[in-house]
Amino acid sequence: MHQRPGVRGVHEPADQALPVLGPRLPATGAPGTIPPRSARATTVAEPPAGARPVRRCREETRMKHEEIVAWLREADDGRLAELWRAADQRRRECVGDVVHLRGLVEISSHCARFCAYCGLRAPNGSLTRYRLTMDEVMVCVHNAVRMDCGTVVLQAGEDPALEARWVAELIRRIRSEANAAVTLSLGEREVEELACWKEAGADRYLLRFETSNRDLYERIHPSRPGQVHADRVSLLRQLRELGYEVGSGVMVGIPGQTVHDLARDIALFGELDLDMIGSGPFIPHPDTPLGALRRGQAGEVAEQVAADELTTYKVMALTRLTCPWSNIPATTALAALNARQGRALGLCRGANVIMPNFTTAELRSRYEIYPDKSTGHLYEHPDDLKRMIRGLGRLTAAGRGDSPAFQRRQGGAAKL
Ligand code: SF4
């Protein structure tokens, strides 16, 4: 059997095969599984900066466009097992065995945009919107820190009522009252606002470019009425210049997206040297223009990328090979396709981050980007997530969990 050039030389011995995923462990444990201890006992402290040397890791794999395309088309289980093993090995070598927990707090469900697939889009009148007060956010933040999240992620729709000064004050409060890094995911904002928030103590910014195909992007992500299209890739570069750790990602299976588009997306991850890369399947909300269309009516093309679990794993694995030092989450959208094993399989195929949701249960169900989020069945208690991580033979890490990619750029030692 010949090997793909992209993963040449990374076959593993049999004893490093993918972990076998069993059913989700009950709280009391189950025969034949790792004995349950307190979840906290499985959390390892992050060593102080410089305490450990940068791990040796091969240089990132610069796969040719056609190689990435070939992997995206691959359907053979045995060949795909090679890809999963290569991504898992690269993950272990470059970002280690620990899994970082990021505490997600959805601070506002208001959004001014008209994205053609997202339940939060401004014209969707079926949602009951909310915006948290600062004290409400802080309750969620403290809960996240108590559950060993070294980072809190403040996420919202593109909500102009989240004023720059208010957000800056919130960041300062988190940095002074809670021992956590702050990641922002607040959409396209003015550079002055982004600079103000960095100055206030924000560490990271997430902004997905969704697809590198400009026409496709503009079709699903129209700009606000009266505004010109923002160039998200330029904005990502500006975020880097401002000193942020920069995260981005794409949707897998947008109607009209081809494997060539997706291969270019993965190459762009490498070009941008991203610190965090989150990719999830395209799941349109039914109360949106794309969600209302039947399959085949939404602009699908001949070689349409499937918005499925397998393609999403392929993107995650190829992302790990392309950007070995980046933090890669096993996303909630992946769990939407496979609630029982989606996150665990993601962790076995390149991911090293999980983002438990600390928004209160009532509000969580109203942050309805896609329909499954509203049922609540995707929610998993952080202790359950820790048990799942332990079942994979991995540990959760207490600490900020800065990306080794960022640490390398800073000239420091990577803390794994
Ligand atoms: S994708 Fe983001 S910007 Fe677009 S409608 Fe949804 S929350 Fe708003």
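Does Gly119 count as buried or exposed, and how many C-beta neighbours does Gly119 have inside 10 Å? Gly119 counts as buried, because it has 26 C-beta neighbours inside that distance. Keep in mind that this is a predicted model, and let's use Gly119 as a way in.

**Starting at Gly119**

You'll find Gly119 in the loop between β2 and α3. Leaving aside neighbours within four places in sequence, Gly119 is in contact with Asn124, Leu127, His285, Asp287, Thr288, Glu368, Ile369 and Tyr370. Take Asp287 from that list: it is 168 residues away from Gly119 along the chain, yet the two C-alpha atoms are separated by 6.6 Å.

Now zoom out to the whole chain. Among contacts with a separation of 6 or more, 84% are between residues 24 or more positions apart. The chain has 416 residues, and 46% of them count as buried. Its secondary structure adds up to 15 helices and 11 strands.

**Strand β3 and its two partners**

A good strand to look at next is β3, residues 151–156. 6 of its 6 residues are buried, so β3 is largely enclosed by the rest of the structure. You can check this one face at a time: Thr151, Val153 and Gln155 are buried on one side, and Val152, Leu154 and Ala156 are buried on the other.

What does β3 pair with? One partner is β2 (residues 98–108), which runs parallel to β3 and is joined to it by 6 bridges. Along this pairing, Ser108 stands opposite Ala156 in β3. Another partner is β4 (residues 181–185), also in the parallel sense, over 5 bridges. Here Val152 stands opposite Val182 in β4, and Thr151 has Ala181 in β4 as its bridge partner.

Strand β4 is worth a look of its own. 4 of the 5 residues of β4 are buried, so this strand, too, is largely enclosed by the rest of the structure. On top of its pairing with β3, β4 runs parallel to β5, with 2 bridges joining them. Thr183 belongs to this pairing, and its bridge partner in β5 is Arg204. To get from β4 to β5, the chain crosses through helix α5 (residues 191–200), and this β-α-β crossover is right-handed.

The earlier strands are linked in a like way. β2, helix α3 (residues 134–146) and β3 make a right-handed β-α-β unit. Then β3, helix α4 (residues 164–177) and β4 make a right-handed β-α-β unit as well.

**The nonpolar core**

Some residues from these strands turn up again in the core. The largest nonpolar core has 104 residues, and the ones that touch the most other members are Val105, Val141, Val152 and Val182. Let's follow Val182. Setting aside neighbours within four places in sequence, its contacts are Val152, Leu154, Ile171, Ile174, Arg175, Gly201, Ala202 and Asp203. So which residue of β3 stands opposite Val182? That's Val152 again.

**Two unusual backbone angles**

Two residues have a positive phi although neither is a glycine. The table puts them side by side.

| Residue | Phi | Loop | C-beta neighbours |
|---|---|---|---|
| Asp148 | about 75 degrees | between α3 and β3 | 20 within 10 Å |
| Glu210 | about 65 degrees | between β5 (204–206) and α6 (214–220) | 22 inside 10 Å |

How do we sort Asp148 as buried or exposed? Asp148 counts as buried, because 20 or more other C-beta atoms within 10 Å is the cut-off and Asp148 has 20. Glu210 is buried too, because it has 22.

**Around the ligand**

Last stop: the ligand. Which residues are around it? They are Cys111, Arg113, Cys115, Cys118, Leu120, Arg121, Gly157, Glu158 and Gly187. Sorted by character, this shell has 4 nonpolar, 2 polar and 3 charged residues. Try finding each of them in the structure above, then trace your way back to Gly119 in the loop between β2 and α3.

Key:
Residues are numbered from 1 along each chain as its sequence is written. This is a predicted model: local features need pLDDT of at least 70, side-chain atom pairs count only at pLDDT 80 or more; totals for chains, interfaces and linings use all residues. A residue is near a molecule or strand if its C-beta atom, placed from the backbone, lies within 6 Å of it. Ala, Val, Leu, Ile, Met, Phe, Trp, Tyr, Cys and Pro count as nonpolar, Asp, Glu, Lys and Arg as charged, and the others, Gly among them, as polar. A residue is buried if 20 or more other C-beta atoms lie within 10 Å of its own, exposed if 12 or fewer, and partly exposed in between; C-beta atoms are placed from the backbone. Two strands pair if DSSP finds at least two bridges between them. A crossover is right-handed if, with the strands pointing away from the viewer, the path from the first strand over the helix to the second runs clockwise. A nonpolar core is a set of buried Ala, Val, Leu, Ile, Met, Phe, Trp, Tyr and Cys residues joined through C-beta atoms within 7 Å. Two residues are in contact if their C-beta atoms, placed from the backbone, lie within 7 Å.
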